[in-house]
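Got the viewer open and a selection box ready? Here is a walk through the model, one selection at a time.

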Amino acid sequence: METREGTELLLKQRQVLIFYVLLGIALAGSETRRYSVAEETESGFFVANLLKDLGLEIDELAVRVPQLVPKGKKMSLHFDRQTGDLLLNEKLDREGLCGNTEPCVLPFQVLLENPFQFFQAEIQIRDINDHSPVFLDKEMVLKISESSTPGTTFLIERAQDLDVGSNSLQSYTISPNFYFHLKIQDSPNGILPLLVLDKPLDREEQAEIRLTLTAMDGGTPPRSGTTLVLVEILDINDNAPEFTKPLYEVQVPENSPVGSKIATVSARDLDIEAYGQILYGFTQASEDIRKTFRVNARSGELLLTQKLDFESIQTYTVNIQATDGGGLSGSCVVLIQVLDLNDNPPELTMSTLINQIPENLQQTIVAVFSVSDPDSGDNGRMVCSIPDDLPFLLKSSMENFYTLVTAGPLDRERRAEYNVTIAVWDLGSPRLHTQRSVTVQVSDVNDNAPAFSHSAYTLLVRENNSPGLQLGRVSASDADAGANAQLSYSLLPARDPRLPLAALVSIDADSGRLFALRALDYEALRAFEFGVRATDRGAPALSSQARVRVEVLDDNDHAPFVLHPLQNASAPCTELLPRAAAPGQLVSKVVAVDGDAGQNAWLSFRLLRATEPGLFGVGAHSGEVRTARLLSERDAARQRLVVLVQDHGAPPRSASATLHVLLVDGFSQPYLPRPEAPAPARAQAAALTVSLAVALAAVSSLFLAALLALAALRLCRRRGPAWRGRCALPEGASAGPLLDGVGGGAGSLAQGGRYQVRLAGGSGAADFSFLQPTFPSLLVQDAGRDVKENPNCSNGAVFS
């Protein structure tokens with residue numbers, strides 16, 4: 001049993017030995033392959049195809065089972081077993097993998113199974129110029145004594161560059177100056193910059209020198225880095241007290257409390273004992289400095305004794321002297337800069353202000369002002385603004401000066417006053433502001449003509465008005481103000497030169513009220529028009545016009561006038577009517593007119609009185625007189641009718657017409673009664689008729705006596721004004737315009753009848769005739785006298 005175990009152990013050792021022998025042979029016989037990749041290459045980049053280098057076919061990959069085995073630093077590679085491609089699995093950073101080592105080579109192995117085989121390979125990561133030279137300090141302070149001699153060298157800090165090779169740091173340069181030049185020295189760690197003094201330094205002439213040191217690499221394109229080299233020149237003082245710094249710069253907020261420590265100065269002396277004891281004090285200090293600060297003689301502390309005000313003094317230069325016990329002294333300067341706080345609001349100073357500007361100007365300067373802020377920096381920077389909804393603009397004319405101007409023409413009628421608030425803000429923290437309100441009044445310009453409330457007015461006035469009656473009023477308004485809105489009214493000349501406008505109407509120049517200068521007559525002038533003008537008192541004056549129409553309302557001031565039968569003839573006009581006339585027979589027509597209008601001229605007719613009531617009738621609207629029944633022998637031969645003509649005015653006016661009708665048996669009757677004589681003859685005839693009637697009554701029957709008595713009674717009724725004939729118009733009257741056809745005027749002529757009036761010039765007599773066929777003229781004889789035609793009768797009857 002032990003023998004078999006020993007045998008198996010021996011076999012295992014032999015197999016391991018054979019494996020290592022074969023591995024060594026394989027490793028010794030294989031050649032290392034190197035692949036090159038630039039740093040910063042993206043993930044997935046194709047490095048190589050390992051099939052060719054391994055001498056395998058694509059079908060053998062699955063059988064041989066290849067594996068990547070990295071050596072040393074972890075490197076992310078990916079082997080595609082399907083294609084045999086070697087790919088990057090992440091972006092490579094050469095500086096992170098190799099640092100300053102060059103070349104940067106990362107080895108790895110490819111292990112194949114079935115049969116077992118090793119493949120040696122490595123990847124070289126090529127450097128790219130992806131880093132600039134960098135100085136560890138952005139500012140280097142180099143203190144050099146003014147006693148240093150030319151040629152002295154000073155080592156300054158060098159730059160660092162993570163790149164290698166030609167991409168690494170290659171050179172230094174320094175900004176041009178009068179005191180130093182740069183010297184480059186090689187060292188195991190690279191080149192070193194040395195500053196070489198070219199000429200003596202003088203601290204009193206120049207206390208510090210600022211130099212810019214630039215480091216450049218050799219990449220394409222090259223990269224560079226800079227730093228500031230501040231050379232402070234130190235003053236020498238052998239045995240006198242020497243301040244650690246000749247100049248102390250302190251910044252103190254202006255709100256620092258009284259008693260606070262501003263700075264601490266420190267001096268040293270190489271001497272010992274009494275000669276090394278130092279006391280501090282002011283030297284060449286002004287009164288302001290002594291009031292504001294106090295220095296501790298032992299410690300060198302500078303203390304504040306009163307409030308600081310940046311707006312009064314921004315900086316203090318305090319000279320402090322250190323005196324040792326031997327009387328030697330040294331001095332330093334404490335430069336105190338008062339830090340501004342935003343404790344002052346901006347100030348606005350108005351230089352020019354125009355509170356009233358005319359309207360309609362394109363651009364007008366309203367105000368000129370300046371702004372200031374005693375603070376500094378952003379605390380003293382200011383912005384100026386006005387509301388956006390106002391027609392004004394702010395223009396910056398020069399530093400901190402502004403002009404407030406109108407953005408365009410202003411219209412006083414839209415807005416007469418503006419309140420412009422000018423706000424000035426600083427940019428401090430917290431922001432403070434000041435504002436100033438400016439009232440701008442827009443003065444009026446006469447740019448609006450008067451406007452009437454109506455373009456046309458219609459005024460109604462009743463005729464026969466009293467002179468001075470107010471007809472109405474015209475009214476105009478003007479959007480302007482002051483004298484530009486004060487209006488005066490006037491009448492325009494009449495378009496019709498025949499219209500006596502100045503005698504009819506007047507206007508009040510201030511109120512626009514219109515007055516009638518005289519009584520108006522509707523029948524003479526029914527309506528008239530004229531223009532009125534409203535004129536303002538601006539310069540130049542503007543005006544507008546309106547039309548006024550005055551309509552005269554009719555008043556019932558005219559009674560009806562009878563045209564037919566004429567009522568003023570010397571002999572009455574008698575109408576002949578045969579006794580055989582049928583009922584409704586036209587006997588005559590009363591024609592009348594009325595000078596009024598409307599219902600004042602609407603005429604109606606009615607029979608007022610008649611010899612035989614019921615025998616005749618009158619048309620209420622036509623004025624036609626017709627028979628109402630058959631005539632009989634009992635009807636009197638002479639009929640006298642009184643027709644009343646009345647208008648429809650309020651109150652109504654009327655006139656009467658007397659019509660004489662003679663009843664005849666026929667137009668062949670040889671004798672016709674004579675017409676009524678004038679008044680004296682009528683009286684004699686009436687007396688004779690009464691005597692004859694009495695005589696006949698004595699010898700006649702009672703019937704005849706009664707009949708004659710009735711006839712006498714009728715004759716007595718004919719005494720009076722109605723007995724006189726009225727066949728002519730009044731002297732000087734003209735009826736022509738009133739008989740103007742059908743429907744053209746008032747009165748009974750509007751009934752459609754056709755008439756003609758013929759006036760005899762200057763005589764006042766007229767002929768009136770129907771245009772329908774008339775009765776034939778009759779010739780009669782009486783007592784052997786000649787018969788003459790009476791021109792005053794319209795029915796063709798003749799009398800002698």
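One term before you click: buried means under 20% relative accessible area, exposed means over 50%, and partly exposed is in between, with a 1.4 Å probe and protein chains only. Strands (E, at least two residues) and helices (H or I, at least four) are DSSP runs, numbered from the N terminus.

This is a predicted model, in which local features need pLDDT of at least 70, side-chain atom pairs count only at pLDDT 80 or more, and totals for chains, interfaces and linings use all residues. Residues are numbered from 1 along each chain as its sequence is written, and side-chain values use heavy atoms, leaving out hydrogens and water.

**Whole chain**

Start with everything selected. The protein chain has eight helices and 53 strands, and 39% of its 800 residues count as buried. Its accessible surface, by the Shrake-Rupley method with a 1.4 Å probe, comes to about 43,500 Å², 52% of it from carbon and sulfur atoms. Take contacts (heavy atoms within 4.5 Å) with a separation of 6 or more: 67% of them join residues 24 or more positions apart.

**Colour by confidence**

Now colour by pLDDT, the predictor's confidence in each residue, from 0 to 100. The chain averages 76, and 72% of the residues score at least 70. Which element has the lowest mean pLDDT, and which the highest? Strand β53 (residues 798-799) is at the bottom with 30, while strand β35 (residues 476-477) is at the top with 94.

Next, pick residues 16-29: pLDDT is below 50 there, and the stretch has five contacts beyond near neighbours in sequence. Residues 668-686 also stay under 50, with 26 contacts beyond four places in sequence. Where pLDDT is low, the predicted coordinates should not be read in detail.

**Strand β33**

Select residues 456-462, which form strand β33, and show side chains. In a regular strand the side chains alternate between the two faces of the sheet. Here Tyr-457, Leu-459 and Val-461 point to one face and are buried. Ala-456, Thr-458, Leu-460 and Arg-462 point to the other face and are not buried.

Add strand β40 (residues 543-553), which pairs with β33 in the parallel sense over seven bridges; pairing takes at least two DSSP bridges between two strands. Look across from Thr-458 and you'll find Arg-549 in β40.

Then step on to Asn-464, in the loop between β33 and β34. Its phi is positive, about 65°, although Asn-464 is not a glycine. Asn-464 is partly exposed, at 41% relative accessible area. Most residues other than glycine have a negative phi, and most peptide bonds are trans.

**The β34-β38-β37 sheet**

Go to the open sheet of three strands in the order β34-β38-β37, paired antiparallel. Its edge strands are β34 (470-473) and β37 (505-507), each pairing on one side only. Neighbouring strands here are turned by 25° against each other on average, direction ignored; the axes are lines fitted to C-alpha atoms, and angles run from 0 to 180 degrees between N-to-C directions. Zoom in on β34 and β38 (residues 513-516), which are joined by three bridges. Gly-472 has Leu-514 in β38 as its bridge partner.

Is Ser-511, in the loop between β37 and β38, buried or exposed? Ser-511 is buried, with a relative accessible area of 15%. Its side chain makes a polar contact (N or O atoms within 3.5 Å, one able to donate a hydrogen and the other to accept it; residues adjacent in sequence count only if both atoms are side-chain atoms) with the side chain of Asp-508, at 3.4 Å. Leaving aside residues up to four places away in sequence, Ser-511 touches Arg-473, Val-474 and Tyr-489.

**Last selections**

Two cis peptide bonds are worth a click. One joins Ala-539 and Pro-540, with omega about 0°; Pro-540 is in the loop between β39 (527-536) and β40. Another joins His-564 and Pro-565, also with omega about 0°, and Pro-565 lies in the loop between β41 (561-564) and β42 (574-578).

Finish at Ser-132, in the loop between β7 (117-126) and β8 (139-145). Ser-132 is partly exposed, at 23% relative accessible area. Its C-alpha is 8.6 Å from that of Ser-168, 36 residues apart along the chain. Beyond four places in sequence, Ser-132 touches Gln-160, Asp-161, Arg-223 and Ser-224.
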